[in-house]
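Trainee: Hi, have you got a few minutes to go through a structure with me? I'd like to start with one residue and then wander around a bit.

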Amino acid sequence: MSYSALMRILFICLALATSAIAAPPTQYELAQQAELAFNQGECRQAAETYLQAANASQSAAVAARAADVAVECDQLDTAAVAVTRWLELAPEDRNARRFEALLAMQQFRLQDATRALERAMPEGAAERDEFIDGVVPVASDAAGAYAVLRAFEPALKFDTLGDASLTTMIELAMQANQLKKAAQWNAVLMKRNAAEAQAQQLQSRIDALRGRADEALQAARRAAALDKESFRFAPAETLAILDRKEAAYAEYSSFLDSDAADEASRRLALLAYSSGDFDDAEKRFRDRMQATAGAGEALYYLAVIAERRGDREEALRRYQQLIEAGAGLAVRVRAARLQLAGGERDAAMALLDDVSLASAQQRLPTELTRAQLLTEGGAPDDAITHLQALLQQYPGHSQVRYQLAAAQERAGRIDDAVATFDKLLADRPGDPNLQNALGYTLVDHGRELKRGNRLIAEALGEMPDSPAILDSMGWSLVAQKRPAAALEYFERAYRQLRDSEIAAHWGEALWQLGRKSEARAIWARALVYQPDSQPLRRTIERLTANEKS
């Protein structure tokens, strides 16, 4: 055989071998690779590989799994592409449309979410109730509730909703800080079922949050009279919302000799804690440690009370007991915060590692919490570095970007914070929580006051009962040298959320008006609830410094 013929054969063999090596993996191999990556915690790789499998497959089930993995891994852009593929393969699949709607809500693509809901909504009343009940619980906070509400409203005919769906939407409106809307819809429910205890109880909560004390108590008592078992505590709950603690104590105490004694005891302990009466709360929670069902909760509050009193070792000991018993992120965060304050940074961060590694769904919330603790612990630059690394794992994720802006603001990098918020708002136009965050940042740092005020006003127009936005509006008025006009906003905000920073702002407005005794009273009350609030203490020290000198 000639040399040239031999070389041709060798080249052919080499080409065949190279072809075999370079052959693309099949859809099954891709799916296996994706599952392996998912189980090993390689979330971004898992989501992207599953998307490849979905694009290579004609199976809607593969595309559905790709979308599911991407959402579990918080790879929302990849999830959106996977859902598109799912719908290409199964355009009439209601579950795919539901998934599409949920994802669009998370990304604040509300028109897309509405269209998906309209196509997914069942015709039958019972099926529709079940569908709504399955979608609405994704709203875990006011921001999420607002997005769900805005997406659902155009897709629903409220006069045709069943009682269950209407009740769900009323509760969603309350969570989204839309009390007027909640009241309007509850009026429809009340008209249908004037003798319905749940409608009366909802009305009581709405009236209490709107400051209508007499109406709230009347509705609560009607609810309790209509259903003496399910709503027996409604009057006490309402009194607590109205900050009438002594009356609430009396109401709960009246059940201590009844078949509801255990729950009444629990509520009395929680009320004592929330009122700042730590001696009474500690005694009640110690008593509840004897009850098997309430021991974990009692141990947690005993730890928090020890923390509030400055007994760091006792608090950490109790938190460690809870962690060893399987407590989740919230307990670990409290323990980590204490360790950071004591200079034990490595130990604090290690507390979060187990949760972060436990599952794909826990990883991002845990890592965001890690960044928040670093920021609070006086290391915002380290938090920024951590968040920037997170963005490599979770490209474009709105929560990561939001917290990055917050860390940049805390680090004094105001231009960077404003730029980060600006870019995020450009991707989520009309998001009132972002408008408020950017507007407050501008106002608080004396930047572009006119624009900041406009953004806050726009946000308040969308969420008129949000305590955070009401506080921002009051603070913007203080910045405009209009403290008297700010008072009503601070009062409304504090009625709904007894937050120390709101109290700090409210007291400062009163202080500027010369109403110093009222300011001190508000601060003193707020310190009972949150004695370790640094923003409040800094405000008090700054404003009272001249009086001390």
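Mentor: Happy to. Let's start with E263, which is partly exposed, with a relative accessible area of 26%. Keep in mind as we go that this is a predicted model.

Trainee: Okay, and where is E263 placed?

Mentor: E263 is in helix α16. Its C-alpha atom is 9.1 Å from that of Y252, and the two residues are 11 apart along the chain.

Trainee: Is Y252 buried or exposed?

Mentor: Y252 is buried, because its relative accessibility is 5% and the cut-off for buried is under 20%.

Trainee: What does Y252 form an aromatic pair with?

Mentor: Its partner is F233. The ring centres are 5.7 Å apart and the planes are at 55 degrees to each other, so the pair counts as tilted, given that stacked means under 30 degrees and edge-to-face over 60. The two residues are 19 apart in the chain: Y252 belongs to helix α15 (residues 245-253), and F233 to the loop between α13 (213-226) and α14.

Trainee: And F233, buried or exposed?

Mentor: F233 is buried as well, at 9% relative accessible area.

Trainee: How many aromatic pairs are there?

Mentor: The count is 12 aromatic pairs. There is also an aromatic cluster formed by Y273, F278, F285, Y300, Y301 and Y319.

Trainee: What lies over the face of F38?

Mentor: That would be R65, at 5.4 Å from the centre of the ring.

Trainee: Let me zoom out. How many helices and strands does the protein have?

Mentor: There are 32 helices and 0 strands. The C-alpha atoms fill a box of roughly 105 × 65 × 55 Å along the principal axes. Of the 549 residues, 50% are buried.

Trainee: Changing topic to cysteines: how many disulfides does the count come to?

Mentor: The count is 1 disulfide. C43 and C73 form it, with their sulfur atoms 2.4 Å apart. As a reminder, a disulfide is a covalent bond between the sulfur atoms of two cysteines.

Trainee: Which parts does the C43 and C73 pair tie together?

Mentor: C43 is in helix α3 (residues 43-56), while C73 is in the loop between α4 (60-72) and α5 (76-89), so the pair ties together parts that are 30 residues apart in sequence. Both C43 and C73 are buried.

Trainee: Why is the disulfide of C43 and C73 left-handed?

Mentor: Because the torsion about its S-S bond is about -70 degrees.

Trainee: Now some backbone oddities. What is notable about the phi of F108?

Mentor: Phi of F108 is near 60 degrees, which is positive, and F108 is not a glycine. For background, most residues other than glycine have a negative phi. F108 is in the loop between α6 (94-106) and α7 (110-120). F108 counts as buried, because its relative accessibility is 9%.

Trainee: And what about the phi of N177?

Mentor: N177 also has a positive phi, about 60 degrees, without being a glycine. This residue is in the loop between α10 (163-175) and α11 (179-192). With a relative accessible area of 10%, N177 is buried.

Trainee: Pockets next. What volume does the second largest pocket have?

Mentor: About 610 Å³. It is lined by 18 residues, and the closest to its centre are S274, R495, Q496, L497 and R498.

Trainee: Which helices each supply at least two residues of that lining?

Mentor: Those are α12 (197-209), α14 (234-241), α16 (261-274) and α29 (483-496). So α16, the helix that holds E263, turns up again here.

Trainee: And how does that lining split by class?

Mentor: The lining of the second largest pocket has 8 nonpolar, 6 charged and 4 polar residues.

Trainee: Last topic, two serines. Where are S356 and S398 found?

Mentor: S356 is in helix α21 (residues 345-358), and S398 is in helix α24 (residues 398-410). S356 is buried, with 5% relative accessible area. S398 is buried too, at 18%, because the cut-off is under 20%.

Trainee: How far is S398 separated from E130?

Mentor: Their C-alpha atoms are separated by 30 Å, and the residues are 268 apart along the chain. For S356 and I456, 100 residues apart, the C-alpha separation is 35 Å.

Methods
Residues numbered from 1 in each chain as written. Predicted model: local features only at pLDDT ≥ 70, side-chain atom pairs only at ≥ 80, totals over all residues. Heavy atoms only, no water. 1 Å grid on protein atoms, 1.4 Å probe; cavity = no way out; pocket = protein on both sides within 12 Å on 5 of 7 lines; lining within 4 Å. Points joined across faces, edges and corners; volume = space filled by probe spheres on them. Helix = DSSP H or I, 4+ residues; strand = E, 2+ residues; numbered from the N terminus. Nonpolar A, V, L, I, M, F, W, Y, C, P; charged D, E, K, R; others polar. Buried < 20%, exposed > 50% of the residue type's maximum accessible area, 1.4 Å probe, protein only. Phe/Tyr/Trp six-rings, centres within 6.5 Å; stacked < 30°, edge-to-face > 60°. Lys NZ or Arg CZ within 6 Å of the ring centre and 35° of its normal. Disulfide = S-S within 2.5 Å.
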